[in-house]
Amino acid sequence: MKSQYTAAAGLLFALGAAADSTIASGEGFGTYYYDIKQVDACGTSFSSQNQGGVMCSSETLQSLDMLNTNYIVAMNNSQLRSDPSKYCGKKVVVTVNGKKSDMPLFIGDGCERCATGSSTSDTWNAQGAPGLDFSYSVLDELTGGSACETGHSAISWEILDESIHDFASGGSSDSTESSQGSTPTTLVTSAAPAATGESSACENNAWQCNGNVIEQCVNSAWNTRVSCAAGSTCKGDSNPYCA
Ligand SMILES: *[C@@H]1O[C@H](CO)[C@@H](O)[C@H](O)[C@H]1NC(C)=O
């Protein structure tokens with residue numbers, strides 16, 4: 001009895017030491033919604049999706065285009081919203097047909113479909129099914145080139161307690177570039193425009209849609225952050241995005 005117990009404890013210890021700690025995992029479906037490299041693929045254009053701001057943006061709304069990587073993964077948006085700092089920037093390992101991904105995938109955005117319906121459903125439903133949402137290129141690689149054909153694929157995933165992208169500093173840890181270098185011309189950064197007689201006091205860091213423009217409150221004045229591309233509109237009220 002005693003030796004059995006000791007052996008079991010030893011095994012547990014070994015597993016714990018070998019595995020990265022997992023903060024969340026699940027099974028469901030992988031889909032795609034953007035691609036900053038293959039903007040036109042699979043009979044569609046991702047140009048407006050690429051301009052959408054991601055949920056993990058901190059003070060400055062960052063669009064997929066600005067983040068300039070296809071490794072951003074969107075997860076259950078209710079789960080993400082419940083504790084952004086727990087998930088944002090954390091590495092994701094995805095398994096398709098028993099094969100684990102070795103790409104530097106990380107949580108950066110919220111997925112509405114992934115939050116709707118039963119978290120244990122194994123039936124595909126475009127209106128609600130558990131899973132993750134990827135760039136087209138990444139889903140295509142995960143599925144051995146069938147992303148376009150099937151649109152959604154059975155996956156399982158683990159979110160590891162390993163941060164590989166720092167949204168707070170606006171980039172990965174190896175990038176010290178200020179936001180100035182990579183800021184699209186549609187964004188107003190630095191010096192908030194001197195209030196030209198307009199006194200629309202707002203609460204700092206609040207966000208809103210103003211027509212087709214995403215605005216952030218800086219120094220008590222609304223500033224343009226992203227203009228939604230033609231064909232997309234600003235949605236989401238205080239948590240705006242272009243879609
Ligand atoms: C999404 O996350 C919420 C909050 O954690 C959970 O209650 C819900 O079941 C999840 N939905 C799916 C489809 O996984």
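Here's a quick tour of the ligand site, a small aromatic cluster and one proline. Keep in mind that this is a predicted model. The ligand sits among eight listed residues, running from Asn-76 and Gln-79 to a stretch that includes Cys-114 and Ser-119. Elsewhere, ring pairs join Tyr-32, Phe-46 and Tyr-136 into a cluster, and Pro-130 is a buried loop residue.

**Around the ligand**

- The residues surrounding the ligand are Asn-76, Gln-79, Cys-114, Ala-115, Thr-116, Gly-117, Ser-118 and Ser-119.
- On its own the ligand would expose 370 Å², and the protein buries 61% of that.
- Sorted by class, this shell holds six polar and two nonpolar residues, with no charged ones.
- For a specific contact, look at Asn-76: one of its polar side-chain atoms is 2.4 Å from a ligand oxygen atom.

**Aromatic pairs**

- The model has six aromatic pairs in total.
- In one of them, the ring centres of Tyr-32 and Phe-46 are 5.9 Å apart and the planes meet at 80°, so this pair counts as edge-to-face, the label for angles over 60 degrees.
- Tyr-32 belongs to strand 1 (residues 22-34), while Phe-46 is in the loop between strand 3 (44-45) and helix 2 (47-50), so the pair ties together parts 14 residues apart in sequence.
- Phe-46 also pairs with Tyr-136: here the centres are 6.2 Å apart and the planes are at 25°, so the rings are stacked, which takes an angle under 30 degrees.
- Tyr-136 lies in helix 6 (residues 136-142) and Phe-46 in its loop, so this second pair ties together parts that are 90 residues apart in sequence.
- Is Phe-46 buried or exposed? Phe-46 has a relative accessible area of 3%, so it falls under the 20% cut-off and counts as buried.
- Tyr-136 is buried too, like Phe-46.

**Pro-130 and its neighbours**

- You'll find Pro-130 in the loop between strand 7 (106-111) and strand 8 (131-135).
- Pro-130 has a relative accessible area of 6%, so with the cut-off at 20% it is buried.
- Which residues does Pro-130 touch, leaving out those up to four places away in sequence? The list is Glu-27, Gly-28, Phe-29, Arg-113, Cys-114, Ser-118, Ser-119, Ser-121 and Trp-157.
- Cys-114, Ser-118 and Ser-119 turn up both among these contacts and among the residues surrounding the ligand.
- The C-alpha atoms of Pro-130 and Glu-112 are separated by 9.8 Å, and the two residues are 18 residues apart along the chain.

Conventions. Residues are numbered from 1 along each chain as its sequence is written. This is a predicted model: local features need pLDDT of at least 70, side-chain atom pairs count only at pLDDT 80 or more; totals for chains, interfaces and linings use all residues. Side-chain values use heavy atoms; hydrogens and water are left out. A residue is near a molecule or strand if one of its heavy atoms lies within 4 Å of it. A polar contact is a pair of N or O atoms within 3.5 Å; within protein, one must be able to donate a hydrogen and the other to accept it, and residues adjacent in sequence count only if both atoms are side-chain atoms. Accessible areas come from the Shrake-Rupley method with a 1.4 Å probe; for residues, only the protein chains shown count as cover. Ala, Val, Leu, Ile, Met, Phe, Trp, Tyr, Cys and Pro count as nonpolar, Asp, Glu, Lys and Arg as charged, and the others, Gly among them, as polar. Rings of Phe, Tyr and Trp (its six-membered ring) pair if their centres lie within 6.5 Å; planes under 30 degrees apart count as stacked, over 60 as edge-to-face and the rest as tilted. Helices (H or I, at least four residues) and strands (E, at least two) are DSSP runs, numbered from the N terminus. Buried means under 20% relative accessible area, exposed over 50%, partly exposed in between (1.4 Å probe, protein chains only). Contact means heavy atoms within 4.5 Å.
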